[in-house]
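Student: I should like to learn how the features of a structure are read. Please show me the structure, and let us begin with the contacts of a bound molecule.

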Amino acid sequence: MQTRDFVVRFAGEGGQGVVTAAEMLARAASSVGYHVQTFATFPSQIMGGPTWTQTRISTSPVLSPGDDLDVLVALNHEAYQGHNEEVRSGGVILHDSEFESPDDERAIGVPFDELAKQAGEARSANMVIIGALAHLVDMPLAFFEDFVQKRFAGREGIIAANVAALRLGYEHASDSEVQIGQLEPPVKPEGEQLLIKGNEALSMGAIAAGLDFYVGYPISPATPVLLFMERNLVGPGKFAYQVSSEIESIAGLLGAGFAGKKAMTATSGPGLSLMSEGIGLSWIAEIPLLVIDVQRGGPATGLPTKTEQSDLQAALHPAHGDVSIPVIAPGTVEECFYGGVMALNWSERYQGPVILLSEMSLAEKAQNIPKPDLGQVVSESREVYTGTNGYLRYDGWELSPMPIPGGPGAYVANGSEHDAMGDTTHLPERHVQMTERRFSKLKLLEDGPFERVNGDEPIALMTWGGSKGPSIEAYEDLITEGHKLAWYYTMCLNPLPPALLEELRSKDLVIVPELNYQGQFSSYLRSLSVKAESITQFTGLPFKVRELKKRIIALAEACKGGKVAA
Amino acid sequence: MTTKNPEYDFKWCPGCGDFGVRRALEFAMAERIQKTGSAMESNVVVAGIGCSGNLVHLLEGPQPFGFHGIHGRSLPIAMGTKMARPDLNVVVVAGDGDFLSIGGEHIGPQAARNLNICAVVMDNGVYGLTKGQSSPTTELGTNTSSTPYGKIEESINPLELYLTLGVSFIASGFSGQPRPLAKLIAQGMDHPGFSIVHVQSPCTTYNDTYEIIKGNSKKGIEPSIWELPEDHDASDKQAAYGVVRSGGLPIGVVYQQEGRPTLDDRQADLREKAPLKSAQELLDAFQL
Ligand SMILES: Cc1ncc(C[n+]2csc(CCOP(=O)(O)OP(=O)(O)O)c2C)c(N)n1
Ligand code: SF4
Ligand SMILES: [Mg+2]
């Protein structure tokens, strides 16, 4: 049987190399031209604790992690117990024969460690597993041998041991005579590809847009951005640094943004809460800066290692007072890159804070994406004041050039309501002018692109952020099955592209899959006079496509039957 | 403000110590410009929230850049500016509440970094702007608007705190002596590293300490202000502890640690160690 899609989950205990195995498989498969995506969960403890990572390999672009497992690799008995029900019928469970064999006809025991030792490299158990997987889907071992050659180039002993491990795994699985199909050969995507994670992609996006300054405080799942920047953003005119709290982070960005730098930080929900007052200051004092919130489950310490989309309302209104903060939420790893570019550009263009909302499931997802052409990336910079002294920095009702310390036009960047030169005032007409001035600048950000498919349909599906993958997959299936439904999508959540909003307002119902309890995006849409209803999930895990389809159909039917009051 | 700005609607009370601190800062910045030949626009004054922070709007003459942000965060804002632009002269002006209470968490990290800025703290032992509540430097037992039956926490000794946190330049001054205070601020700005000039700046409305500081011979009140002796060795930390524990209001440079690298220096070292890759090189590393 030919198959075009292959989902394997590695489950075990933290420290057993579950993530490494999944990523290695993804890397090997993508290097020969398959499309891949990983989905990682993390244990909540440093050593041990149950964890799993999933790799999906396909001959066409991968949208979601995959509902059902073709293969479960169970590294211990708990992993078998916790995950075997998600293995599809006809699937296989590869388990470590070190532990007691489950009474399950789908199970094949493999002595992972013993074979690795036999291969001459105790740390090659992952290769034993990958060899066994290659047999199960009838993939040529040569694919993986090439990968090993490249990965360990120059270290002949290690190459030999890893190749031996691949073969031993392959042979061991062959003995079982079980196969689950033949994965079609890859259709190499056109153009150069990257294998990159969401956190890395948004870091690269910001760097491509000219980021100068980064300060941050460690917090899951945003820490990799800090580490990436500390490694890669230190040089002439650039600096990245770990500070002592998120309050220091936001204050540091304010100081650096004021001093002319393109500044950003990345945090998660708890850090966003601490930055609240500083984000408001950036809005009122008109200081460009970018805050990335890689969402995890909340509130408070919440679910630090699980995915959720529950910070949307906090991102739209992170600060007290009359503020409306621009929000961009990428939905795929590729969009993380372009979202990073756009978010930094927006902050420079309108001279104020921008929040980029990512999430755990994107942050750690490794995926192949077309390599961005940096020649095409536009990097915007704020308009700098170059005149003489005596400038009125906050004059007028619209954006005006920003003076930079060291240059002309000294003023006071003020977090209290102020007059044109930045001095504190309480005059009613000034508060009116300044408030309107600040809101008028949002008009500069109405150029966001959006997606539309079957726009004539009265019922639409419109998800946001990382639920995009499962939602498109569900949408495409539903259309193939003959359902009538429009598709809309944008990563620009505030301001929403006005043309998009116009269209949404004309719909009978906009169905919003999102990972939170309250239906935060649909409630935002309703506040903008769109008849929207959410499909919510708050398990700490992404949507499964099958489940999503059922719920979309049910909501659409209820709308047609007049049962949705939206 | 370059000229008197009719829209600006904040005024210090008559006799407020902050007038003197403003004068001192004007002197110190003017002297610096003259000495270094730099432009006034290369100075940045980051202000806290309080009566004291309003100093940034009340400076006369050529104007520096200013940042009047949020309560307690003047130090980390100044950190961002200085870290991003080591070429700028960055000065913080803040009250005792702003600097030592809500913003207290930011002193230690700047001391550890030896951030090359100068903080001028205007200590009036009270929250002036919010009308007379107790602050970290209000004495134990004092009745204030927020301690109607007397303050039940002990006052802190800011100079001792700075010493213990490792601040590399610590001076103590009085708002009633703008010229000598200007000298201390100028020394603080010249000091390579984190300098704090802690100033007694009395609040005539809620905590008038002029008499305690200057004394009153008619009432038989001895002045609490005293000059550090010529032979005080500011490089000797033990001697500095001796000074800050001996009570009263010492005037002078209490402590100065010389030769310690600043954050600017260490940033420069790091830049040498970490050759910056181009965006293209970084992106290429992810290529399949
Ligand atoms: C987050 C926050 N909390 C409280 C306030 C109210 N507030 C403004 S100034 C101030 C205290 C000022 O005292 P201090 O720093 O000693 O300055 P002074 O007015 O005495 O110069 C307080 C509590 C505020 N602006 N922001
Ligand atoms: S209340 Fe006190 S600190 Fe504030 S201006 Fe008046 S005298 Fe100065
Ligand atoms: Mg005070």
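Tutor: A polar contact is a pair of N or O atoms within 3.5 Å; within protein, one must be able to donate a hydrogen and the other to accept it, and residues adjacent in sequence count only if both atoms are side-chain atoms. Here, a polar backbone atom of Gly128(B) lies 2.9 Å from an oxygen atom of ligand 1. For Val126(B), a backbone N or O atom is 3.0 Å from an oxygen atom of ligand 1, and a side-chain N or O atom of Ser52(B) is 2.8 Å from an oxygen atom of this ligand. The protein covers 76% of the 590 Å² of accessible area that ligand 1 has on its own (Shrake-Rupley method, 1.4 Å probe; for residues, only the protein chains shown count as cover).

Student: On what kind of model, and on which numbering, do these values rest?

Tutor: This is a predicted model, in which local features need pLDDT of at least 70 and side-chain atom pairs count only at pLDDT 80 or more, while totals for chains, interfaces and linings use all residues. Residues are numbered from 1 along each chain as its sequence is written, chains are lettered from A and ligands numbered from 1 in the order in which they are written, and side-chain values use heavy atoms, with hydrogens and water left out.

Student: Which residues around ligand 1 come nearest?

Tutor: A residue is near a molecule or strand if one of its heavy atoms lies within 4 Å of it. Of the 17 residues around ligand 1, the nearest are Cys51(B), Ser52(B), Asp96(B), Gly97(B) and Asp98(B). The site is shared between chains, because residues from chains A and B surround ligand 1. Helix H4 (residues 96-102) of chain B gives the most to this shell, with four residues; helices (H or I, at least four residues) and strands (E, at least two) are DSSP runs, numbered from the N terminus.

Student: Which residues surround ligand 2?

Tutor: Its surroundings include Trp12(B), Cys13(B), Cys16(B), Cys51(B) and Asn124(B). The shell around ligand 2 divides into six nonpolar, three polar and no charged residues, whereas the shell around ligand 1 has six nonpolar, eight polar and three charged. In this scheme Ala, Val, Leu, Ile, Met, Phe, Trp, Tyr, Cys and Pro count as nonpolar, Asp, Glu, Lys and Arg as charged, and the others, Gly among them, as polar.

Student: Which residues coordinate the magnesium ion (ligand 3)?

Tutor: Donors are N, O and S atoms within 2.8 Å of the metal (3.2 Å for Na, K and Ca); water is not among the atoms, so sites may look incomplete. Asp96(B) (OD), Asn124(B) (OD1) and Val126(B) (O) coordinate the magnesium ion (ligand 3) at 2.0 to 2.2 Å. Their spacing in sequence is D-x27-N-x1-V.

Student: Are Asn124(B) and Val126(B) buried or exposed?

Tutor: Buried means under 20% relative accessible area, exposed over 50%, partly exposed in between (1.4 Å probe, protein chains only). Both Asn124(B) and Val126(B) are buried.

Student: How many salt bridges does the count give over all chains?

Tutor: A salt bridge is a side-chain nitrogen of Lys or Arg within 4 Å of a carboxyl oxygen of Asp or Glu. The count comes to 36 over all chains. One of them joins Glu348(A) and Arg382(A), at 2.9 Å from N to O. This pair links distant parts of the chain, 34 residues apart, and both residues are buried. In another, the closest N and O atoms of Glu211(B) and Lys219(B) are 2.7 Å apart; Lys219(B) counts as exposed, at 56% relative accessibility.
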